[in-house]
Amino acid sequence: MNNQCKINTLTKSSHAELSQWLVFRLGDDMYAHNVIQLQEVLGNKAILPTSDAPKWISGVIHLRGNLIKIIDIRLCFQLPHRPITDDTRIVIMSNGQHQFGFIVDAICEVIYLTMSEVDSAPLNLPYQMLGNCIQGTVNRDDNALIVVDITQLFSLDEWEEIHH
């Protein structure tokens, strides 16, 4: 694992209604996504380009007989493109209707968290244009985590366009 992902004491909290959250890194920022929607994490896998797809669709992968669209959320978050490295991962998840994947720079760990620990997203957060995707922030041991729900990144119409 990349040392930039290390969070020293992210341990199981004693609060009620704990849930598990996958911590991943994009650029210099760390994010947390509830694992309930996640299906698996893949290492480097060949992504096949697609034609007529929005620029933030990197392509598709074959996974157990299914074609899965892969989203480069770095582009959605207006971060510069970054080449694939040994730490790069594809996170496969479902929004309830469609299965998709998104590329992250590195997976850091899984933590326990309650929603009561999540502070509202500050108004000066650079990703304010992402609307409901950003659920807030959590500070743990001087590490700020941006709590996200990638399924809220796109509208229902956009999801249909992605999977058309």
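Arg82 is partly exposed, at 33% relative accessible area. In this predicted model, Arg82 forms a salt bridge with Asp105, and the closest N and O atoms are 3.2 Å apart. Asp105 sits in the loop between S7 and S8, while Arg82 sits in the loop between H1 and strand S6 (89–94), so this salt bridge ties together parts that are 23 residues apart in sequence.

Asp105 has another partner. The side chains of Asp105 and Arg74 meet in a salt bridge of 2.6 Å, N to O. Arg74 belongs to helix H1 (residues 73–76) and Asp105 to the loop between S7 and strand S8 (106–113), so parts 31 residues apart in sequence are tied together here. Arg74, Arg82 and Asp105 are thus linked in a network of salt bridges.

How buried or exposed are the members of this network? Asp105 counts as buried, with 5% relative accessibility. Arg74 is buried too, at 6%. Arg82 is partly exposed.

**Salt bridges**

The count comes to 3 salt bridges. They are listed here.

| Pair | N to O distance |
|---|---|
| Arg64 and Glu40 | 2.1 Å |
| Asp105 and Arg74 | 2.6 Å |
| Asp105 and Arg82 | 3.2 Å |

Take the pair of Arg64 and Glu40, whose side chains meet at 2.1 Å, N to O. Arg64 lies in the loop between S4 and S5, and Glu40 lies in strand S3, so the contact ties together parts that are 24 residues apart in sequence. Arg64 is exposed, with a relative accessible area of 65%. Glu40 is partly exposed, with 22%.

**The open sheet**

Glu40 leads to the sheet through strand S3. In what order do the strands of the open sheet run? The order is S3-S6-S7-S5-S4, which makes an open sheet of 5 strands with mixed pairing. Strand S3 (38–42) and strand S4 (57–63) stand at the edges; each has a single partner strand, so one side of each lacks a neighbour in the sheet. From one strand to the next, the twist averages 30°.

Inside this order, S7 and S5 stand side by side. Strand S5 (residues 66–71) and strand S7 (residues 99–104) pair in the parallel sense, over 3 bridges. One residue to look at is Ile70, whose bridge partner in S7 is Gly101. In a regular strand, side chains alternate between the two faces of the sheet.

**Aromatic cluster**

The model has 3 aromatic pairs. Why does the pair of Phe24 and Tyr31 count as stacked? The ring centres of Phe24 and Tyr31 are 5.5 Å apart and the planes are at 15°, so the pair is stacked; planes under 30 degrees apart count that way. Phe24 counts as buried, at 0% relative accessibility. Tyr31 counts as buried as well, at 0%. Phe24 and Tyr31 also belong to one aromatic cluster with Phe77 and Phe102.

**Gln20 and its surroundings**

Gln20 has its place in strand S1 (residues 19–26). At 32% relative accessibility, Gln20 counts as partly exposed. Which residues are in contact with Gln20, leaving aside neighbours within four places in sequence? They are His33, Asn34, Val35, Val110, Ile111 and Tyr112. With Tyr112, the link is a polar contact between the two side chains, at 3.1 Å.

Ile36 is 16 residues from Gln20 along the chain. The C-alpha atoms of Gln20 and Ile36 are separated by 7.7 Å.

**The S9–S10 hairpin**

Strand S9 (residues 134–140) has 5 of its 7 residues buried, so S9 is largely enclosed by the rest of the structure. S9 is joined to strand S10 (residues 143–148) by 6 bridges, and the two run antiparallel. Asn139 stands opposite Ala144 in S10. S9 and S10 form a hairpin, with 2 residues between them. In the turn, Asp141 has a positive phi of about 50°.

Notes. Residues numbered from 1 in each chain as written. Predicted model: local features only at pLDDT ≥ 70, side-chain atom pairs only at ≥ 80, totals over all residues. Heavy atoms only, no water. Pairing = 2+ DSSP bridges. Helix = DSSP H or I, 4+ residues; strand = E, 2+ residues; numbered from the N terminus. Axes fitted to C-alpha atoms, helices over the stretch in contact; angles between N-to-C directions. Phe/Tyr/Trp six-rings, centres within 6.5 Å; stacked < 30°, edge-to-face > 60°. Buried < 20%, exposed > 50% of the residue type's maximum accessible area, 1.4 Å probe, protein only. Contact = heavy atoms within 4.5 Å. Polar contact = N/O pair within 3.5 Å; in protein donor to acceptor, adjacent residues only side chain to side chain. Salt bridge = Lys/Arg side-chain N within 4 Å of Asp/Glu carboxyl O.
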